[in-house]
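What can be said about the helices, strands, cores and cross-links of this chain when its model is read element by element? Please look over the sequence and the structure before turning to the report.

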Amino acid sequence: MIPAMPASAASSRQASVTVLRFGRFAAMGTVAVLILIAGVWASWGTAQHVMLTKGRESGTVEVTRCGADMCTGRYTPLSEGSQPRARVELEKSVAVEKGRTYTVVMKPGGDDAVRSGPAGVLYAWIPLGGALLLASVVVAGGLRRTRVAWALALSGVGLLTAAFVAV
């Protein structure tokens, strides 16, 4: 026969298990939220120029040369008050090819351009898509919330797939 635990020992053990569960929930919840905040932060640097276009210069860039990180080309304005430029820089990605023309929005105070339109918006939010995928692993493993994890993962995959198709 197994000796019975005193009531105070059983309640103290239950209290410590509850504290550990809450600690795990708080820690993993904080990590998941920080991952998502980092994804939004990384995306917003580009997305703000693409999504908030009022008052910004917009036009097209015909890509004439591509280096390791940047592509350059001639800028032709489409918006009022925008000036043509002989050379602007566009971040090189799999979506930018030499010889093609892209609609762009100019970043204020420089010669840097960002792709505009649906492809530009989706491309700008790619870091958030990756953060959603990473956070889904934390939510599933650390928080044991599989439905929420699936929702995060499917949102991330949907965003990345849409960006791949649009770009």
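The report below takes up the helices, the cores, the strands and the disulfide in turn.

## Basis and recorded spans

The model is predicted, and the values in this report should be read with that in mind. From the record, an unreviewed UniProt entry, come three stretches listed as "transmembrane region", namely residues 22-44, 122-141 and 148-166.

In the model, residues 22-44 are 100% helix and 0% strand, with 32 Å between the end C-alpha atoms. Residues 122-141 are 95% helix and 0% strand, and here the end C-alpha atoms lie 28 Å apart.

## Helix α4

Helix α4 comprises the 21 residues 146-166 and reaches 30 Å from its first C-alpha to its last, which is close to the 30 Å expected at 1.5 Å a residue. Its buried residues are Ala149, Leu152, Ala153, Gly156, Leu159 and Ala163. Seen down the axis of α4, these buried residues fall within an arc of 125°, and they therefore line one face of the helix.

That buried set packs against two other helical elements, α2 (117-124) and α3 (126-142). On the face of α4 that is turned away from the buried side, the exposed residues are Arg147, Trp150, Leu154 and Val165.

## Helix α3 and the loop that follows

The 17 residues of α3 should span 24 Å at 1.5 Å a residue, and the end C-alpha atoms are indeed 24 Å apart, so expectation and model agree. Buried positions in α3 are Leu128, Gly129, Ala131, Leu132, Ala135, Ser136, Val138, Val139 and Gly142.

Ile126, also in helix α3, has a relative accessibility of 30% and counts as partly exposed. Leaving aside neighbours within four places in sequence, Ile126 is in contact with Ser43, Leu160 and Ala163, of which Ala163 is one of the buried residues of α4. Ile126 and Ala42 are 84 residues apart in sequence, yet their C-alpha atoms are 9.1 Å apart in space.

Just after α3, Arg144 takes a positive phi of about 60°, although Arg144 is not a glycine. This residue lies in the loop between α3 and α4, where its relative accessibility of 54% makes it exposed.

## Two nonpolar cores

The largest nonpolar core has 15 residues, and those with the most contacts inside it are Ile35, Trp125, Leu128, Val139 and Leu152. The elements that give two or more residues to this core are α1 (7-51), α3 and α4, and α3 gives the most, with six residues. Ile35 touches Ala131, Leu134, Ala135 and Val138, when residues up to four places away in sequence are not counted.

Apart from this core lies another, of eleven residues, among them Val61, Tyr75, Val88 and Leu90.

## Strands β1 and β2

Thr60 is placed in strand β1, residues 58-66, and counts as buried at 18% relative accessibility, since the cut-off for buried is under 20%. Residues up to four places away in sequence aside, Thr60 touches Arg74, Tyr75, Thr76, Leu78, Thr101, Tyr102, Thr103 and Val104. Tyr75, one of these partners, is also among the residues of the eleven-residue core.

Thr72 has its place in strand β2, residues 70-77, and is buried, with a relative accessible area of 8%. With the same sequence neighbours left out, the residues that Thr72 touches are Glu62, Val63, Thr64, Arg65, Arg87, Val88 and Glu89. Val88, too, is named in the eleven-residue core.

## The disulfide

How many disulfides does a search of the whole structure find? The search finds one, which joins Cys66 to Cys71 with an S to S distance of 2.1 Å. The link of Cys66 and Cys71 is right-handed, with 105° about the S-S bond.

Are the two cysteines buried or exposed? Cys66 is partly exposed, with a relative accessible area of 28%, whereas Cys71 is buried, with a relative accessible area of 0%. As for position, Cys66 falls within the residue range 58-66 of strand β1, and Cys71 within the range 70-77 of strand β2.

How values were computed:
Residues are numbered from 1 along each chain as its sequence is written. This is a predicted model: local features need pLDDT of at least 70, side-chain atom pairs count only at pLDDT 80 or more; totals for chains, interfaces and linings use all residues. Side-chain values use heavy atoms; hydrogens and water are left out. Helices (H or I, at least four residues) and strands (E, at least two) are DSSP runs, numbered from the N terminus. The expected span of a helix is 1.5 Å times one less than its number of residues. Buried means under 20% relative accessible area, exposed over 50%, partly exposed in between (1.4 Å probe, protein chains only). The arc is that of the directions from the helix axis to the C-beta atoms. Contact means heavy atoms within 4.5 Å. UniProt positions are given in the numbering used here, feature names are shortened, and annotations may be inferred rather than shown by experiment. A disulfide is a pair of cysteine sulfur atoms within 2.5 Å. A nonpolar core is a set of buried Ala, Val, Leu, Ile, Met, Phe, Trp, Tyr and Cys residues joined through side-chain atoms within 4.5 Å.
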